[in-house]
Every structure is written in structure tokens, then in C-alpha cells.
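This report covers strand pairing, helix packing and backbone angles in one protein chain. The sequence and coordinates come first, and the description follows.

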Amino acid sequence: MPQVFTNHRAGPINSAVLLFSGGMDSVCIAHLCHPDLLLYVPSHSAYNQAEDECIQQLVRRNLIAREKLIILSQSTLNLRIWERDDMIVPNRNAHLLLLASNFGDHLMLASVEGDRSNDKDEYFYHLMKQLLNHMWDEQHWTAQRKFTVSSPAKNWTKAELVHSYLRSGGTRDALLTSYSCYAGYSTHCGICKPCARKWVALALNGVRTPKGYFREAFWDQEWFQKAYPLMLEQQYRGREDEDFVRFVRNPPQGYAPKDELPDWTSQLQNAKVPLHGPLAPIDFPEEVRVNEKTEGSDSAAGESKLD
Ligand SMILES: [Zn+2]
């Protein structure tokens with residue numbers, strides 16, 4: 001029978017929870033910020049299965065702290081019907097933060113400079129904190145909980161985040177095992193926006209990818225031809241645009257040799273773009289290869305930590 005007076009009054013949970021997707025940004029922030037928990041919420045996106053398999057790989061290969069990982073049940077949240085043609089899911093981060101609030105008072109997202117959606121900006125974090133503080137204020141069923149909502153790398157571009165990650169002992173193996181692609185293949189398509197952003201961030205940090213890691217080149221795509229002139233004016237993703245311009249103008253060895261760049265980029269070479277300070281390239285002596293996918297990988301089920 002339901003209790004009229006609860007025997008389980010809720011109260012503060014002094015844990016820091018990172019919304020974890022297996023993407024490169026969340027892998028970096030998990031390493032840099034030492035959250036207590038990594039919360040993965042499958043949401044039935046088009047790339048959900050690849051994301052699940054990526055997280056299993058990260059765990060199997062001890063590239064993330066498995067004792068921190070919480071995987072919610074597949075039945076917890078289904079946002080597939082709201083997924084748009086540009087892969088944006090309206091309200092997505094609000095859903096995820098509300099779920100994360102059940103695990104801790106300090107909530108972290110892995111967004112970076114260059115993320116454009118309003119549910120990844122500072123005002124959104126402020127509003128979510130206010131909302132959670134209101135819903136969890138002192139009342140008959142709970143003691144007061146005071147939340148923080150933050151995105152520690154929000155002022156860094158993706159390349160700067162990777163730079164900090166590597167400088168603090170992160171591994172390129174984990175970077176390459178992370179999965180950031182809208183296509184949902186077992187390997188990165190190379191042409192979607194997350195792939196392009198990951199490619200540039202890796203390249204600017206001297207992290208070479210094994211042959212075939214990215215299936216195709218984003219710089220040949222129509223969307224990039226439209227975006228690049230905006231990047232030259234820093235009108236697309238703000239400061240991250242400089243990273244793309246640097247990549248196109250002076251591709252690191254092994255990436256997009258100039259003679260492979262389409263003609264249209266050469267017409268824009270003379271535009272003046274102030275670039276921020278150079279990132280020191282980090283040399284790794286050995287080639288690190290991503291292991292082939294393990295067949296028959298276990299899909300996580302139930303709300304449980306892996307063990
Ligand atoms: Zn992709």
C-alpha cells in the first residue's frame with residue numbers, strides 16, 4: 001500500500017554526475033574532472049546501437065572507470081520520434097538532466113565552445129539549476145537539495161579539450177575508441193558534423209587515425225562548402241571556426257593533403273582570419289589502432305553498474 005507519510009524522505013545526494021555518451025567530449029571530461037558517476041541514458045537515437053557498443057568497448061578495454069558507469073534501461077527514455085532531420089532532439093538535455101538529478105546534486109554536461117543549441121548554453125544551465133532547486137526544495141517528501149549544473153569545457157573548443165586531455169595523461173586510444181557520429185555505422189562516416197569536428201580536433205593535436213577510421217572526407221560535402229565561407233567570417237561556430245580554417249589551410253601530415261582539397265577552398269585562401277594561439281602538436285611515436293569490434297557484444301540492460 002502507498003504510504004500517506006513516507007518512510008523514505010529524500011535528501012541531498014553529494015555526488016557529481018557526468019552525462020556520458022561515449023563521445024569524445026564526455027571521455028575527455030570524465031578523465032579531466034573526475035565525476036563520481038558517468039550516467040549513460042540510451043534514448044533510441046539513430047546512432048544508439050553504435051553508442052552502446054562504444055561504451056562496451058571503453059569498459060572492456062579499461063579506458064573509462066567502469067565502477068563509475070551507470071547505464072539506464074533501454075525503456076527509460078525514448079526520444080526517437082522527436083529526432084529531426086538534422087539529428088537535433090529538442091529538449092534532449094533537459095530530459096537527461098532531470099534523470100541525472102536522481103543520482104546526484106552536481107550535474108555536468110560535456111558541451112564545448114562551438115556547440116550551438118540553446119540547451120547547451122550557460123543560460124540553460126542556470127535555468128535548469130533553478131528548476132531543480134525549486135522542485136527539490138524543502139517539502140513534505142524531501143529535504144532541500146541544492147543543485148549545480150555545469151559544463152566544465154564550455155569555454156574550450158573541441159581541439160582545446162583534446163589538447164588538455166592529452167596533456168593530463170589521457171590516451172589517444174580512448175579518443176579513437178570514443179564514438180561521435182550521427183550515421184550509426186560501426187565506424188565513423190567522416191562526413192557528418194560530429195565526425196568533422198572530431199577529425200579536426202584530433203588532427204590539430206597530432207592524433208593520427210588508422211586508415212578507414214573515417215569512411216569519407218567531410219571537406220567534399222555540400223554542407224561543408226556552405227559552412228566554410230561562414231567559418232572564414234567566424235559566423236558558424238564562433239571560435240571553433242578557426243580550428244577548421246587552420247585544418248583546411250595547413251592540414252597536418254596525413255590529413256587532407258592540399259592536393260586533395262577541392263578547388264573551391266583555394267578561392268577562399270586569402271581571406272583574413274585571426275587565429276588564436278597555436279596548439280602545440282603532440283607527437284606520439286607509435287601508431288595506435290582501434291581494435292576490431294567484438295562480435296556479439298553484450299548490450300546493457302537494466303539500471304545497473306557494469307561489473
Ligand atoms: Zn559521422
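## Backbone and packing

Just after helix α8, Q234 takes a positive phi of about 55°. The model is a predicted one. For context, most residues other than glycine have a negative phi.

Two asparagines also have positive phi values. N62, which is not a glycine, has a phi of about 55°, and N62 lies in the loop between α2 (48–60) and β3 (69–71). The phi of N91 is near 70°, again positive in a residue other than glycine, and N91 is placed in the loop between β3 and α3 (92–100). The table sets out the two loop residues.

| Residue | Phi | Loop | C-beta neighbours within 10 Å |
|---|---|---|---|
| N62 | about 55° | between α2 and β3 | 9 |
| N91 | near 70° | between β3 and α3 | 11 |

A residue is exposed if 12 or fewer other C-beta atoms lie within 10 Å of its own. N62 has 9 such neighbours and therefore counts as exposed. N91 has 11 and is exposed because of that count.

Helix α8 itself spans residues 222–232, and F224, Y228, M231 and L232 are buried in this helix. These residues are on the same side of α8 because they cover an arc of only 85° around the axis. The face of α8 turned away from the buried side carries E222, K226 and L230, which are exposed.

The strands come next. Strand β1 (residues 16–19) pairs with strand β4 (residues 106–108) in the parallel sense, over 3 bridges. In that pairing, A16 of β1 has H106 in β4 as its bridge partner. Strand β1 is also joined to strand β2 (residues 37–40) by 3 bridges, and β1 and β2 run parallel. L19 stands opposite L39 in β2. Between β1 and β2 the chain passes through helix α1 (residues 24–33), and this β-α-β crossover is right-handed.

How do two packed helices get described? The angle between their axes and the distance between the axes are used. For α1 and helix α5 (residues 158–167), the axes come within 10 Å and cross at roughly 40°. Angles from 35 to 65 degrees are among those that count as oblique, so α1 and α5 are oblique to each other. The crossing in which α1 passes α5 is left-handed.

Definitions and conventions. Residues are numbered from 1 along each chain as its sequence is written. This is a predicted model: local features need pLDDT of at least 70, side-chain atom pairs count only at pLDDT 80 or more; totals for chains, interfaces and linings use all residues. Two strands pair if DSSP finds at least two bridges between them. Helices (H or I, at least four residues) and strands (E, at least two) are DSSP runs, numbered from the N terminus. A crossover is right-handed if, with the strands pointing away from the viewer, the path from the first strand over the helix to the second runs clockwise. A residue is buried if 20 or more other C-beta atoms lie within 10 Å of its own, exposed if 12 or fewer, and partly exposed in between; C-beta atoms are placed from the backbone. The arc is that of the directions from the helix axis to the C-beta atoms. Axes are lines fitted to C-alpha atoms, for helices over the stretch in contact, and angles run from 0 to 180 degrees between N-to-C directions. Angles under 35 degrees count as roughly parallel, over 145 as roughly antiparallel, 65 to 115 as roughly perpendicular and the rest as oblique. A crossing is left-handed if the near helix is turned anticlockwise from the far one by less than a right angle, and right-handed if clockwise.
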